[in-house]
Amino acid sequence: MLMMFPTVYAPLLIFLSVLRAVGAETTDPLYLNFHNLYLDESLSLTPQNMTCHKNSSSTDISNGPNLLLPFNRTRIPSSSGSIYIQNYIKKYYKTNLTSPWNVEIDSFVEKNHTFTNLAFTLGGAASQYIVLAAHYDSKIEPEGFIGGIDSATPCAILMYISKFMDHFYLNSSSNIDANLANKDIGLKIVFFDGEEALKQWGPNDSIYGSKHLAKRWINNGVMEKVSLFVLLDLLGSADKSIIPSYFSSTNSNYRLLNDIENEFNSQFKSYNNTKYFNPQELRFQNFNRIVIEDDHIPFVENDVNVLHLIPVPFPKVWHTIDDNFHNLDQDNIKKWAIILTKFTLESLMGNPDQTYNSAFSSSNNTSE
Ligand SMILES: [Zn+2]
């Protein structure tokens with residue numbers, strides 16, 4: 001993505017009861033919960049697996065519990081690394097998750113590259129959707145660029161959130177379709193291809209995937225059903241840059257995330273509790289305006305409510321060879337996973353505390 005200043009561009013409290021064992025001893029089986037069960041294995045940066053894979057086979061798909069390490073490879077559009085990741089993601093939703101995720105494959109050719117967006121939907125009959133998105137492609141230059149924060153980690157977190165929603169619905173009293181139908185809201189998880197420029201960032205050389213999917217969704221009527229579009233980018237480093245509130249239309253969503261983060265920080269003091277959100281940082285006001293070009297732009301242009309989760313200033317490894325898995329921060333990755341699962345659930349279900357508690361206590365019972 002590109003940042004411009006200034007610009008004329010117009011266009012779980014349950015943490016308390018359920019999550020308190022995260023990062024702590026779990027001697028009481030009642031504290032076993034989703035994050036206790038899955039967070040470490042899903043998003044750990046295992047040192048022995050830290051080698052970078054420049055060349056990868058598109059057939060040998062890792063299907064282990066770790067969702068992050070498979071992204072530790074170059075993912076240039078059309079390359080074998082890109083095909084590998086596409087297959088890995090598709091296989092995950094098809095075989096590792098049990099809810100009826102509907103897959104949408106948006107593939108197209110531009111500038112001699114084949115780009116492929118992947119979108120997965122829960123609640124296909126809903127009249128509105130919350131969309132969570134990140135890009136999975138990596139920059140061509142510098143050679144060997146991995147993009148640990150840009151956007152391997154955001155993609156793995158999206159997969160973790162999907163697993164959480166899967167688990168939540170499976171352990172709810174009614175099935176997933178009934179839950180979503182009752183609220184008349186669905187969830188779409190989107191993995192964009194071609195966010196990065198092929199040569200030099202500009203309006204005609206960037207965000208290939210999001211521009212294409214936006215057009216497709218305008219044509220098939222999905223766009224007008226998107227009630228909230230959340231874009232994750234540059235997350236997972238130890239940098240302490242804040243994420244301001246970029247859009248007035250989603251300032252209430254921003255404040256919800258801020259509340260969830262405050263709750264997390266008060267409960268999990270063992271984490272490096274950087275504050276990412278600050279409700280005073282209103283960057284949509286004229287005197288304080290900032291515009292970042294990223295995959296949300298085609299959606300902003302179509303009047304979609306956008307919540308852009310990207311820190312400023314950008315982390316110092318941004319677009320350098322140092323944006324690799326060695327420079328990811330384990331605590332921050334886990335923190336993002338925890339607060340964004342809660343945010344997703346609250347955004348979909350309103351105040352889910354009761355349901356959430358009962359869902360996880362029933363899962364605790366079955367896991368004992
Ligand atoms: Zn980038």
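The questions and answers below deal with the strands and one helix of a predicted model.

Residues carry numbers from 1 along each chain as its sequence is written. Because the model is predicted, local features need pLDDT of at least 70 and side-chain atom pairs count only at pLDDT 80 or more, while totals for chains, interfaces and linings use all residues.

Biologist: How many helices and strands does the protein have?
Modeller: Helices (H or I, at least four residues) and strands (E, at least two) are DSSP runs, numbered from the N terminus. On that basis the secondary structure comes to 10 helices and 10 strands.

Biologist: What share of the 368 residues is buried?
Modeller: A residue is buried if 20 or more other C-beta atoms lie within 10 Å of its own, exposed if 12 or fewer, and partly exposed in between, with C-beta atoms placed from the backbone. For the 368 residues of the protein, the buried share is 46%.

Biologist: What arc do the buried residues of helix 2 cover around the axis?
Modeller: In helix 2 (residues 34-43), the buried residues are Phe34, His35, Asn36, Leu39, Ser42 and Leu43. They lie on the same side of helix 2, because the arc they cover around the axis is only 170°. The arc is that of the directions from the helix axis to the C-beta atoms. The value for helix 2 is 170°.

Biologist: Which residue in the turn between strand 2 and strand 3 has a positive phi?
Modeller: Two strands pair if DSSP finds at least two bridges between them. Strand 2 (residues 102-110) and strand 3 (residues 113-122) are antiparallel over nine bridges, and Phe108 stands opposite Phe115 in strand 3. These strands form a hairpin with two residues between them, and the residue with a phi of about 50° is Lys111.

Biologist: Which residue in strand 5 stands opposite Phe120?
Modeller: Strand 3 pairs with strand 5 in the antiparallel sense over five bridges. Opposite Phe120 in this arrangement stands Ile189.

Biologist: Which residue of strand 5 does Tyr129 stand opposite?
Modeller: Strand 4 (residues 128-135) pairs with strand 5 in the parallel sense over eight bridges. The residue opposite Tyr129 is Gly186.

Biologist: How many residues of strand 5 are buried?
Modeller: On one side Ile185, Leu187, Ile189 and Phe191 are buried, and on the other Gly186, Lys188, Val190 and Phe192. Both faces are therefore covered. The count is eight of eight.

Biologist: Why is Ile185 classed as buried?
Modeller: Ile185 is found in strand 5 (residues 185-192). Its C-alpha is 8.4 Å from that of Ala125, although the two are 60 residues apart in sequence. Ile185 is buried because the number of other C-beta atoms within 10 Å is 22.
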